[in-house]
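I sat down with a fresh page and a cup of coffee to look through this model. Here are my notes, in the order I went.

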Amino acid sequence: MHLKSLTLKGFKSFASATTLRFEPGITCVVGPNGSGKSNVLDALQWVMGEQGAKSLRGGKMEDVIFAGTAGRAPLGRAEVTLTIDNSDGALPIDYTEVSITRRMFREGATEYEINGNGCRLMDIQELLSDSGIGREMHVIVGQGQLAAILESKPEERRAFIEEAAGVLKHRRRKEKALRKLDAMQANLTRLTDLTAELR
Ligand code: ATP
């Protein structure tokens, strides 16, 4: 599995549609200060489901939408598409190429797509979680983040490792199942009470 391309449209400083193509191996993004190198990484995080504005170096989620420049009016939406080569079947989906799209409108609505079909954020998180590039994005190590990982408490470090190993997905499913079980238990108790009253 490798990332094939990333298309940004209306995302941060990338007002016009811009596609970056990646070959297997190492890719370097070079450019002057403030030219948008980190915005490319933000786009990668964002399309994979990042929900924290701070992680994307903004104050609010809407800050990812092109805010305009002296010569260009602000845009109403941001869109990023990531295309992944899945010829080795690393992602649990029956396609050799998978594209993930996230779109956000200034009014706040967000849309997600897998291969052009609308889906939920959860579908994208589940698709990616086994590949090690899950929600918490520990495969992207930002400036200064390495020190944070090295200095983290053992429990926090365990969470990083669990995320990378794909365990987190099962933990989330277990928590969801336990919540359902609790609700079911409450219903059962209520039913027992009602039956007792009817006797
Ligand atoms: P450095 O080498 O200094 O780290 P960089 O190449 O990583 O810089 P970025 O931080 O990616 O640069 O880009 C910063 C630029 O993106 C700034 O000029 C900022 O004005 C612009 N920018 C960020 N968000 C938006 C937005 N929503 N709309 C328009 N421009 C934006």
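In what order do the elements of the protein chain run from the N terminus on? I read them off as β-β-α-β-β-β-β-α-α-α-α. That matches my tally of 5 helices and 6 strands in the protein chain. A reminder to myself: this is a predicted model.

Next I checked the overall form. The C-alpha trace of the protein chain spans about 80 × 40 × 40 Å along its principal axes. I noted a radius of gyration of 21 Å for the protein chain, where a compact globule of 199 residues would have one near 16 Å. Of those 199 residues, 21% count as buried. I also looked at contacts with a separation of 6 or more, and 52% of them in the protein chain come from residues 24 or more positions apart.

Then I turned to the hairpins. Strand 4 (residues 97–105) pairs with strand 5 (residues 110–114) in the antiparallel sense, over 5 bridges. I found Thr101 bridged to Glu113 in strand 5. There are 4 residues between the strands of this hairpin, and Gly108 takes a positive phi near 115°.

Strand 5 also pairs with strand 6 (residues 117–119), again antiparallel, over 3 bridges. Here Tyr112 stands opposite Cys119 in strand 6. This hairpin has 2 residues between its strands, and Asn115 in the turn has a positive phi of about 50°.

Last, the ligand. I listed 14 residues around it, of which Asn33, Lys37, Ser38, Asn39 and Ala67 come nearest. By type, I sorted the residues of the shell into 3 nonpolar, 8 polar and 3 charged.

Terms used:
Residues numbered from 1 in each chain as written. Predicted model: local features only at pLDDT ≥ 70, side-chain atom pairs only at ≥ 80, totals over all residues. Near = placed C-beta within 6 Å. Nonpolar A, V, L, I, M, F, W, Y, C, P; charged D, E, K, R; others polar. Rg over C-alpha atoms; globule rule 2.2 N^0.38 Å. Buried ≥ 20, exposed ≤ 12 C-beta atoms within 10 Å, placed from the backbone. Contact = placed C-beta atoms within 7 Å. Pairing = 2+ DSSP bridges.
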